[in-house]
Amino acid sequence: MDPKLRISFYTAVKLLWSVLETLYEIAYYLLKNMESLKWEALLFYLFYLFGKRSGMKMFKRFLTAHFPYLADENEDWRRWATNQIELLGGRKWQPTKLYGRTKQLKRLDRKSSTTLSNLSQGAEAPERLFNMNKILIATDDGHGMETAGKRTPQFADGTYMKENEFNRAVIDKLNVHLKRNNFDVIHVSAGDTDVPLKTRTDLANNKIPNGFGRKADAIISVHANAAGSTWNSKVKGIEIYYRAGSKEGKKLAQDVQEYLVKGTPLINRGLKTDNLHITRESKMPAILIEGGFMDNPDEAILLMSDAYREECAEEITRGLCQYFGRTYIEVTPPAPPLPVGVNAVSIVIGSNDPYSGLLINGSSWVPAKEVLTVLGVKTWMFQKKSIYIGESSVETKIINNTSYIKSVDLVSLGILKGVFFDPNVVNTKRVLLFPKEAV
Ligand SMILES: [Zn+2]
């Protein structure tokens with residue numbers, strides 16, 4: 001083929017691909033937002049989409065001229081756009097691709113398997129891709145453990161609580177809830193010393209490299225309040241500070257306060273502004289939470305309780321999720337207790353992750369549905385509280401809404417070659433199942 005022709009053929013393919021890809025992304029966005037589509041968000045998204053395409057850089061240039069921080073492609077630009085789309089009511093834009101522009105042709109086979117039906121199935125892969133660029137929350141527990149004066153008045157027994165005991169406990173729990181909710185977290189006041197305030201905001205701003213290569217998207221500082229140094233029942237409630245004039249700071253404060261007053265017994269003292277280092281020097285929405293009064297005897301008791309600290313951490317996370325337009329992921333409730341004489345045991349089949357089985361009177365019972373599925377048994381059903389495999393019914397126990405069958409019955413039916421208790425442990429914690437055919 002004439003080399004010139006080949007280049008123009010390649011260019012044509014590239015152009016055609018680019019058009020298809022844009023249409024694909026629009027279709028993807030529409031499907032993703034079908035239930036809650038707002039036209040402003042769609043319009044913004046289209047602008048964004050065209051703005052980021054090569055050859056259509058005008059829009060982007062216009063925006064980066066007005067918002068200089070968008071200049072460093074790609075992450076800031078994308079995060080900003082995503083936030084805007086979410087604020088407008090659209091679901092977050094999830095990039096449908098990870099790979100760079102230069103590898104266009106490699107993309108063909110991956111994309112050619114994309115159909116409308118797997119597009120609408122929540123698209124797992126893009127979710128994972130988006131996680132590479134999580135929202136980063138800076139958390140701050142206020143003071144050092146030994147910071148002078150920051151404590152409750154003395155209780156009758158001569159003890160007191162240091163403010164940082166509360167702050168730290170809430171922040172530690174908050175960090176866990178945030179990570180559980182797929183946020184990235186930077187604790188800017190880690191350790192027992194009173195980290196200088198400037199260090200905290202420098203870390204959040206990534207002026208001191210914080211290990212994430214970017215500034216945080218929000219900073220949360222947790223404190224306990226005090227009106228004086230003696231007990232005072234008149235002062236009470238939760239208040240949140242934000243930087244005067246910061247629209248986003250105020251919105252974040254509103255969202256967090258909404259959940260804190262809903263979820264805790266404390267009253268709402270409202271939102272306040274003050275000239276505080278944390279809210280003033282942070283280059284992102286910043287709030288300082290005063291989670292109750294240390295010098296109010298009733299609130300001091302709460303501030304010392306693990307349950308109240310846990311509640312605060314959870315409600316702050318809910319507020320952050322709301323602010324960033326995410327659905328809060330509930331804590332998975334602990335498994336209900338097992339009946340007396342029934343013990344949990346791990347069921348190991350080949351290299352699969354262990355299944356949760358039971359040990360009753362020295363026999364192992366396996367969760368029927370999971371195990372029959374992994375063993376490739378297709379002819380089974382659940383009828384009249386019993387499991388049937390082929391024609392034969394097998395002894396079935398239903399415990400906490402799961403049906404279990406005995407592993408030895410699977411041997412009798414010729415599905416398993418053998419069942420062994422883990423030979424390495426004295427008290428059996430594992431049961432090894434050997435299938436007829438490897439799974
Ligand atoms: Zn404080």
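Which residues in H8 meet which residues in H13? In this predicted model, Phe166, Ala169, Val170, Lys173, Leu174, His177 and Leu178 in H8 meet Arg309, Glu310, Cys312, Ala313, Glu314, Ile316 and Thr317 in H13. By character, the residues of this contact of H8 with H13 divide into eight nonpolar, two polar and four charged. The axes of helix H8 (residues 163-180) and helix H13 (residues 306-323) come within 8 Å and cross at roughly 45°, and the two helices are therefore oblique to each other. The crossing in which H8 passes H13 is right-handed.

**The six-stranded sheet**

An open sheet is formed by six strands in the order S2-S1-S3-S6-S4-S5, and the pairing within this sheet is mixed. Its edges are strand S2 (184-187) and strand S5 (268-273), each of which pairs on one side only. On average, neighbouring strands of the sheet are turned by 20° against each other, direction ignored. Helix H10 (residues 247-263) packs on this sheet, where it touches strand S3 (218-225), strand S4 (238-242), S5 and strand S6 (286-293), and the direction of H10 makes about 165° with that of S4. At the S2 edge, strand S1 (residues 136-140) pairs with S2 in the parallel sense over four bridges, and within this pair isoleucine 137 of S1 stands opposite valine 185 in S2.

**A buried asparagine in a loop**

Asparagine 210 is found in the loop between helix H9 (197-204) and S3. Is this residue, asparagine 210, buried or exposed? Asparagine 210 is buried, because 20 other C-beta atoms lie within 10 Å and the cut-off for a buried residue is 20 or more. Leaving aside its neighbours within four places in sequence, asparagine 210 is in contact with Ile186 and Leu203. Asparagine 210 and valine 188 are 22 residues apart in sequence, while their C-alpha atoms are 8.5 Å apart in space.

**Hairpins and positive phi values**

Further along the chain, strand S7 (residues 342-349) and strand S8 (residues 355-360) pair in the antiparallel sense over six bridges, with valine 342 standing opposite isoleucine 360 in S8. The pairing of S8 with strand S9 (residues 363-367) is also antiparallel and runs over three bridges, and here the bridge partner of isoleucine 360 is serine 363 in S9. Isoleucine 360 thus has a partner in S7, valine 342, and another in S9, serine 363.

Most residues other than glycine have a negative phi. The table lists residues with a positive value, together with the place of each in the chain.

| Residue | Phi | Location |
|---|---|---|
| Glycine 350 | near 55° | hairpin of S7 and S8, with five residues between the strands |
| Asparagine 361 | near 50° | hairpin of S8 and S9, with two residues between the strands |
| Lysine 385 | near 60° | loop between strand S10 (380-383) and strand S11 (386-389) |
| Asparagine 401 | about 70° | loop between strand S13 (396-399) and strand S14 (402-406) |

Lysine 385 is exposed, with 9 other C-beta atoms within 10 Å, and asparagine 401, which has 6 C-beta neighbours inside 10 Å, likewise counts as exposed. Both are assigned in this way because a residue is exposed if 12 or fewer other C-beta atoms lie within that distance.

Notes:
Residues are numbered from 1 along each chain as its sequence is written. This is a predicted model: local features need pLDDT of at least 70, side-chain atom pairs count only at pLDDT 80 or more; totals for chains, interfaces and linings use all residues. Two strands pair if DSSP finds at least two bridges between them. Axes are lines fitted to C-alpha atoms, for helices over the stretch in contact, and angles run from 0 to 180 degrees between N-to-C directions. Two residues are in contact if their C-beta atoms, placed from the backbone, lie within 7 Å. Angles under 35 degrees count as roughly parallel, over 145 as roughly antiparallel, 65 to 115 as roughly perpendicular and the rest as oblique. A crossing is left-handed if the near helix is turned anticlockwise from the far one by less than a right angle, and right-handed if clockwise. Ala, Val, Leu, Ile, Met, Phe, Trp, Tyr, Cys and Pro count as nonpolar, Asp, Glu, Lys and Arg as charged, and the others, Gly among them, as polar.
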